[in-house]
Structures are given as C-alpha cells and as structure tokens.
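I opened this model to look at a few buried side chains, a sheet and the cores. These are my notes, in the order I made them.

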Amino acid sequence: MRIAILSDIHDNIWKLETLLGSLEADVLIFCGDFCAPFTLAQIAEGFAGPIHAIFGNNDGDKFLLAQVAGKYPYTTLHGDFAELVLDGCQVAVTHYPEIGKALARGRGYDLVCHGHSHERAVEWSGSALRVNPGEVMGRFGLSTYALFDTDTRTAEVIAVPNA
C-alpha cells in the first residue's frame with residue numbers, strides 16, 4: 001500500500017491541484033493546516049481513496065471543516081491527533097514536530113507523521129519512521145509531499161511538479 005502524506009497547504013489550491021493530478025497512492029494522510037474548508041473539499045474531490053486528516057494550528061473554522069468532511073464518506077477528520085492501522089502498520093498523526101518526535105521514540109508505532117515546521121524529514125527513531133512531508137504551499141522552498149510504502153516500510157519526499 002502507498003500512503004501519501006501531506007501537510008501545510010495553507011490554501012495554496014494551485015499547488016494542491018497539481019499534486020492531486022499526479023498523485024498515485026492508496027490512502028492520503030493530511031497533517032494539518034488546510035486553513036480554509038474549501039481546501040479540504042478540494043482534497044476530498046481530487047483523491048479517490050480514504051483520507052485521514054487532522055487539524056493544524058492555522059485551521060480556523062473547525063466546525064465548518066467537520067461539516068465538509070462529513071459530506072465525503074471516505075474522509076475522516078480525526079481532530080488534533082490520529083492513531084491508524086493501515087495495511088498492518090501502526091500509524092500516528094500529529095501536526096507538531098515535538099509531539100511527533102516523542103511518539104516516534106515511544107516504540108508503539110511503525111510510522112509517525114507530522115508537519116508544522118515546513119521542514120522535510122524522513123528519519124528512523126527506534127522502530128518508527130518519522131516523516132515530515134514538508135509543505136504543499138511552497139512558501140519556504142519546494143512544494144513537497146511524502147509517499148510511504150507499507151511493504152518496504154520506506155518513505156520518500158517528492159517535489160510537486162510545476163504546473
């Protein structure tokens with residue numbers, strides 16, 4: 001199974017459109033900072049598989065985000081934290097790097113995903129692979145996301161192609 005990991009879109013719907021148009025994954029995890037609810041709708045309408053999302057620190061109208069998520073039966077908005085089992089992998093999703101690093105050291109997960117810092121990272125911490133996919137928005141450099149392969153338990157950061 002291929003899991004796409006995205007974070008920090010900050011309403012850059014143009015980069016998101018390009019990313020979704022080229023994305024080949026079975027499941028999508030979003031680590032927070034949609035900003036506006038229309039960004040969540042764009043993800044739900046542009047990705048055909050299950051979507052697991054959490055809030056970031058810049059997601060303003062959480063009630064409206066929850067309403068948007070409710071319109072799409074394959075989209076789950078977990079709140080501030082998610083624990084998932086995907087193809088046998090124990091997965092934790094948070095927005096914050098400090099929490100992600102602590103979760104990865106805790107030995108309960110195979111994959112820990114987080115965003116917030118906009119800094120791309122893929123590193124092992126004990127038995128967990130910690131992944132920060134960087135930022136979709138592209139404000140601080142490349143627009144990126146990550147792909148995790150549940151068979152090989154590896155991840156790579158991928159640059160969003162230019163439109």
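Entry 1, a buried threonine in a helix. I began with T39, whose side chain makes a polar contact with the side chain of D11 at 2.7 Å. The model is a predicted one, and I read the distance as a computed value. T39 lies in helix α2. Is T39 buried or exposed? Its relative accessibility is 0%, so T39 counts as buried, the cut-off being under 20%. Leaving out residues up to four places away in sequence, I found T39 touching I9, D11, I13, L16 and F34. D11 is thus both a polar partner of the T39 side chain and on its contact list.

Entry 2, a second threonine. I then looked up T150, which sits in the loop between β10 (144-149) and β11 (154-159). T150 has 4% relative accessibility and therefore counts as buried. Which side chain does the side chain of T150 meet in a polar contact? The partner is the side chain of D87, at 2.5 Å. Beyond its neighbours within four places in sequence, T150 is in contact with M1, I3, L86, D87 and C89.

Entry 3, the hairpin that holds D87. I followed D87 to the hairpin of β5 and β6, where two residues stand between the strands. D87 takes a positive phi there, near 50 degrees. β5 and β6 (residues 89-93) run antiparallel and are joined by five bridges. L84 has V91 as its bridge partner in β6, and L86 has C89. L86 and C89 are also on the contact list of T150. On β5 I noted a covered face with A82, L84 and L86, and an uncovered face with E83 and V85.

Entry 4, the sheet. In what order do the five strands of the open sheet lie? I read β5-β6-β7-β9-β8, with mixed pairing. β5 (82-86) and β8 (121-125) are the edge strands; each has a single partner, so one side of each has no neighbour in the sheet. From one strand to the next the twist averages 20 degrees. Helix α4 (residues 97-105) packs on this sheet and touches β6, β7 (111-113), β8 and β9 (128-132). The direction of α4 makes about 165 degrees with that of β9.

Entry 5, a leucine of α4. L103 is in helix α4. At 19% relative accessibility L103 counts as buried, because the limit is under 20%. Not counting residues up to four places away in sequence, L103 touches F81, A92, T94, Y109 and V112. I also took the C-alpha separation of L103 and R130, which is 8.9 Å for residues 27 apart along the chain.

Entry 6, a phenylalanine elsewhere. F47 is in the loop between α2 and β3. Its C-alpha atom is 28 Å from that of L103, with their positions 56 residues apart along the chain. F47 counts as buried because its relative accessibility is 6%. Its contacts, leaving out residues up to four places away in sequence, are L20, L23, A25, D26, V27, L28 and Y74.

Entry 7, the cores. How many residues has the largest nonpolar core? It has 28, and those with the most contacts inside it are L6, L19, L23, L28, F30, F34 and I43. At least two residues each come from β1 (2-6), α1 (13-22), β2 (27-30), α2 (37-46), β3 (51-53), α3 (62-70) and β10. α2 gives the largest share, four residues. Another core, of 18 residues, lies apart from it and includes I5, L129, A146 and F148. Back in the largest core, I listed what L6 touches beyond four places in sequence: L16, L19, L28, I29, F30, C31, P133, V136 and Y145.

Entry 8, helix α3. Which residues of α3 are buried? I found L65, V68 and A69. Down the axis of α3 the buried residues fall within an arc of 100 degrees, so they line one face of the helix. The face turned away from that side carries the exposed residues F63 and G70. Among what covers the buried residues of α3 are α2 and β4 (75-77).

Notes:
Residues numbered from 1 in each chain as written. Predicted model: local features only at pLDDT ≥ 70, side-chain atom pairs only at ≥ 80, totals over all residues. Heavy atoms only, no water. Buried < 20%, exposed > 50% of the residue type's maximum accessible area, 1.4 Å probe, protein only. Polar contact = N/O pair within 3.5 Å; in protein donor to acceptor, adjacent residues only side chain to side chain. Contact = heavy atoms within 4.5 Å. Pairing = 2+ DSSP bridges. Axes fitted to C-alpha atoms, helices over the stretch in contact; angles between N-to-C directions. Core = buried A, V, L, I, M, F, W, Y, C linked by side-chain atoms within 4.5 Å. Arc of directions from axis to C-beta.
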